[in-house]
Amino acid sequence: MPQGVNSRLATAGASRMPPLVEVARAEARTAGFHAVGITRPDPSEHATFYRRWLDEGFHGGMGYLAREDAVRRREDPRRSFEAARSVIVVAHEYGEGGEGAAPTSVDSHGGVPPDRGIIARYARGRDYHHVVLEGLHAILRALDEHARARGIENGVTGRAYVDTGPLLERELGRRAGLGWFGKNTMLIHPKRGSYFLLGALLVDIELPADSPFEADRCGSCRACLDACPTDALLGRDDTGAPTLDATRCISYWTIETRDPIPLDLRPAFGNRIFGCDICQEVCPWTRKFAAGRAVPEDYGPKEWPGDRDGDPPVPSLDGPDLVELTERVFAMSGKEYQRVFADSPLARPGRKGMLRNLCVALGNYAAMSREAAERVRPVLERAAEDPSEPVREHARWALSFVGRGRRP
């Protein structure tokens, strides 16, 4: 074969390959992502707002958000990956649940029975960090393989983030065309609502960027602001940015901190023991487009195997019985709890944090009737003797309603 023919054949073969941007989109679909957009790793447009939000103390005890090195990295994605030339942003839906699914909000769906615990929809199955990260790594592998097949010697390198690094993922999502910032601070897709999780893949190749989503389609709607039981949503500031006071947010208290829950907020938690979906449930966009949408297998509720052979499984996290779940968690050590929920978002608050949340829910249930109070009394009395002071304090608070059958 004449000299140079091999190289010409290789070039011809490469020319028949799909553009790398199409490889990224195709692999995203194969990995189960429901939307994908691409943007440039330019500095944040919201750095001033973010610093002002921190100065107001709205981040609460989440000190990692305020570290100066982390703030600077959020202000410029390239500080997290200097070689970045594009950002691939993906959305992974966790579904509304469809007909017959347990509702999560008394306010918008008629309610879960008060003796059942409410766990945010995204947290009833596998940990989304693991699920989304696996998909992002699959996209990176596909890009690298196709780049090398084109003769790009170093292939493609990148760095994946799933709510674990100093990136402003929702801003990147808006810039990648995936939606707008709702008044509930969520990214809302115009045809899918907001029941999705974001991931970002910074890569060292330049891909054609999508147009940013410019419109604000919330208009005059106040559904999420009015429905928030703790007034954590503060509306838009003078720049138009939606503002959340995390120190009043149910998700913050039940997930992000192990501090005592403020007394004045506890009654508003009702039977919510991990996270809160109210501001999404009442959103007209989510109600219109997410209603009846099936839950992907990874996020579907399931039984969790016990820590030891012979242990009965921990019941499904889709509306679990409060007393039964409290008894199961109470019987675990901290290490056992982490092993059981190693692939669940419930690992984050740990045994102590989860028992604290459960005690609040049991206290709110006990306040509804004498029958409820008597049902929860035994488990609360045991929790009041727990080695953990935060657990004991919340159990004592809940026991204060036992015998009254209602709030004073």
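Let me start with Asp-163, which in this predicted model is partly exposed, because its relative accessible area of 47% falls between the 20% under which a residue counts as buried and the 50% over which it counts as exposed. Asp-163 belongs to the loop between strand S4, residues 158–161, and helix H7, residues 169–175, and its phi is near 60 degrees, a positive value in a residue other than glycine. I point this out because most residues other than glycine have a negative phi. Asp-231 is another residue, not a glycine, with a positive phi, here near 55 degrees, and Asp-231 is found in the loop between helix H8, residues 223–227, and strand S8, residues 233–236.

Now to the aromatic rings, where the count comes to 12 aromatic pairs. Why is the pair of Tyr-122 and Phe-274 called tilted? The two ring centres are 6.4 Å apart and the planes stand at 55 degrees, and since planes under 30 degrees apart would count as stacked and those over 60 as edge-to-face, this pair is therefore tilted. The pair links distant parts of the chain, 152 residues apart, with Tyr-122 in the loop between strand S3 (118–119) and helix H6 (128–149) and Phe-274 in strand S10, residues 272–274. Both of these residues, Tyr-122 and Phe-274, are buried, and ring pairs join them with Tyr-94, Tyr-128 and Tyr-195 into a cluster.

Trp-304 and Phe-341 make up another tilted pair, at 5.9 Å from centre to centre and with 55 degrees between the planes. This pair also links distant parts of the chain, 37 residues apart: Trp-304 lies in the loop between helix H12 (284–290) and helix H13 (322–330), while Phe-341 lies in the loop between helix H14 (334–340) and helix H15 (350–366). Trp-304 is buried, as is Phe-341.

Staying with Trp-304, we can ask which residue lies over the face of its ring. That residue is Lys-302, at 4.2 Å from the ring centre. Elsewhere in the list of such contacts, Arg-266 lies over the face of Trp-397, at 5.4 Å from the ring centre.

Finally, a word on the second largest pocket, whose volume is about 240 Å³. Its lining is made of 15 residues, and those that lie nearest the centre of the pocket are His-46, Phe-181, Arg-236, Gly-240 and Ala-241. If we sort the lining of this second largest pocket by residue character, 7 residues are nonpolar, 3 are polar and 5 are charged.

How values were computed: Residues are numbered from 1 along each chain as its sequence is written. This is a predicted model: local features need pLDDT of at least 70, side-chain atom pairs count only at pLDDT 80 or more; totals for chains, interfaces and linings use all residues. Side-chain values use heavy atoms; hydrogens and water are left out. Rings of Phe, Tyr and Trp (its six-membered ring) pair if their centres lie within 6.5 Å; planes under 30 degrees apart count as stacked, over 60 as edge-to-face and the rest as tilted. Helices (H or I, at least four residues) and strands (E, at least two) are DSSP runs, numbered from the N terminus. Buried means under 20% relative accessible area, exposed over 50%, partly exposed in between (1.4 Å probe, protein chains only). A charge sits over a ring if NZ of Lys or CZ of Arg is within 6 Å of the ring centre and within 35 degrees of the ring normal. On a 1 Å grid over the protein atoms alone, a cavity is a set of points where a 1.4 Å probe fits but cannot get out, and a pocket is an open set with protein on both sides within 12 Å along at least five of seven lines; lining residues have an atom within 4 Å of a point. Grid points are joined across faces, edges and corners, and a volume is the space filled by probe spheres set on the points. Ala, Val, Leu, Ile, Met, Phe, Trp, Tyr, Cys and Pro count as nonpolar, Asp, Glu, Lys and Arg as charged, and the others, Gly among them, as polar.
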